[in-house]
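Good morning, colleagues. I should like to introduce a structure that will be new to most of you, beginning with its ligand and then turning to the protein as a whole. Please take a moment to look at the display.

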Amino acid sequence: MKTRKIGQSDLEAGILSLGAWAIGGGSWWGENDDELSIKTIHSALDKGLTWIDTAPVYGFGHSEEVVGKALKDRRSRAILSTKCGLQWRNQQGSDSFSRDGHEVYRNLSAQSIRQDLEDSLRRLQTDYIDIYYTHWQARKGGASIEETMTELLKMKQEGKIRVIGASNVNTAHLDEYLKYGRLDVIQEKFSMVDRRIESELLPYCEEHQITLQTYSPLEQGLLTGKIRMDYVIPAGSVHENKFWWIAENRKLVIDMLNGWSDLTEKYGCAMGNLVIAWTAARSEQINVLGGARKLEQVEENAKAGDLILDKADLDRMTRDADAIITTSQS
Ligand SMILES: NC(=O)c1ccc[n+]([C@@H]2O[C@H](COP(=O)([O-])OP(=O)(O)OC[C@H]3O[C@@H](n4cnc5c(N)ncnc54)[C@H](OP(=O)(O)O)[C@@H]3O)[C@@H](O)[C@H]2O)c1
């Protein structure tokens, strides 16, 4: 597995990381076999996916608990990230949404993120977090970035977190974060068929030596080529109403992937490997964050960590993805 440095920190991780959202289960992803999730995390570490990402809201604490159990006897081998700022303890905050009987609020106040950290450390059975992300900024109002960042810097000084990160931000947010101290990584949605970050955020990260950890690179499984037109999306699941999962758009993706069978043959790899390798090749600043909760998925995905695609193939894939993006918008 190739590795890359995380921002300007002294941490380095495999270019493919393991996201543990699905491991949380609940109505977003459906129920799970936790023992299998733990084996999947162990296999990920063995195969060089050293960065394990979770968040309190994934399964309302369950993902963090499973990750905590998995890492208990091998904590030092992992780079562990979790997040703050989405809370369901009380009604304080903004932009609330309901899920699985909980009302979740965005809250990045110093007091609230301090409580988030203590809860996460307990569930994760650890006394430090390698990378601590703010999960979502309030759309309007909410705590100032100065307040949030001051508290994060305090946590860093105390040794409870090692690296500060932010997720779902824009460049104005980042300008503000960087006024108060070092921020080494952001986590944003990016896939071959969703390239919105390429215009501003990616160049910003390249200029400021911030790692861009890209989530949902497989469009939640669709870009593995294993989801067919007859797949029925469970009501309320994470795939419901997702742009590329809607029948007419799904067909565009499936047809595009079918056109790459010569590439999977040429490289002797799975379709998802091509997609992960394309994503990692987009910039030296990128770390690819893919989800997996089954052994065979992580074993397959790990093979992308050493896969280098020829420039002509990368360009062809980019052109094909551009073409279906254009068609889907017309
Ligand atoms: N910061 C944020 O706001 C935010 C938002 C979303 C995600 N994230 C993070 O990013 C991580 C990755 O996002 P994601 O889960 O949406 O990404 P993804 O990598 O696009 O999709 C993951 C899903 O794809 C399927 N899959 C993966 N490998 C496969 C394989 N080899 N064969 C068949 N299916 C395969 C699995 O679905 P099944 O489990 O159904 O089999 C898996 O759960 C999350 O776990 C989370 O840590 C962060």
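Let me begin with a term: by a polar contact I mean a pair of N or O atoms within 3.5 Å. Please also bear in mind that the model before you is predicted.

With that term in hand, consider Gly19, where a polar backbone atom is 3.3 Å from an oxygen atom of the ligand. Side chains take part as well. In Ser167, an N or O atom of the side chain is 2.8 Å from a nitrogen atom of the ligand. For Lys226, the corresponding distance, again from a side-chain N or O atom to a ligand nitrogen atom, is 2.9 Å. The ligand on its own would expose 900 Å², and the protein buries 92% of that area.

Where does the ligand sit? It occupies the largest pocket. Two elements give two or more residues each to the shell around it: strand E13, residues 286-291, and helix H11, residues 295-302.

There are 30 residues around the ligand, and those that come nearest are Asp53, Gln187, Ser216, Arg293 and Gln297. By character, the shell comprises 10 nonpolar, 13 polar and seven charged residues.

I turn now to the whole protein. Its secondary structure consists of 12 helices and 13 strands. The radius of gyration is 19 Å, close to the 20 Å that the globule rule gives for 330 residues, so the protein is as compact as a globular protein of that length. Along the principal axes, its C-alpha atoms fill a box of roughly 55 × 45 × 40 Å.

Thank you for your attention.

Key: Residues are numbered from 1 along each chain as its sequence is written. This is a predicted model: local features need pLDDT of at least 70, side-chain atom pairs count only at pLDDT 80 or more; totals for chains, interfaces and linings use all residues. Side-chain values use heavy atoms; hydrogens and water are left out. A residue is near a molecule or strand if one of its heavy atoms lies within 4 Å of it. A polar contact is a pair of N or O atoms within 3.5 Å; within protein, one must be able to donate a hydrogen and the other to accept it, and residues adjacent in sequence count only if both atoms are side-chain atoms. Accessible areas come from the Shrake-Rupley method with a 1.4 Å probe; for residues, only the protein chains shown count as cover. On a 1 Å grid over the protein atoms alone, a cavity is a set of points where a 1.4 Å probe fits but cannot get out, and a pocket is an open set with protein on both sides within 12 Å along at least five of seven lines; lining residues have an atom within 4 Å of a point. A molecule sits in a cavity or pocket if more than half of its atoms lie within 2 Å of its grid points. Helices (H or I, at least four residues) and strands (E, at least two) are DSSP runs, numbered from the N terminus. Ala, Val, Leu, Ile, Met, Phe, Trp, Tyr, Cys and Pro count as nonpolar, Asp, Glu, Lys and Arg as charged, and the others, Gly among them, as polar. The radius of gyration is taken over C-alpha atoms; the globule rule is 2.2 Å times the number of residues to the power 0.38.
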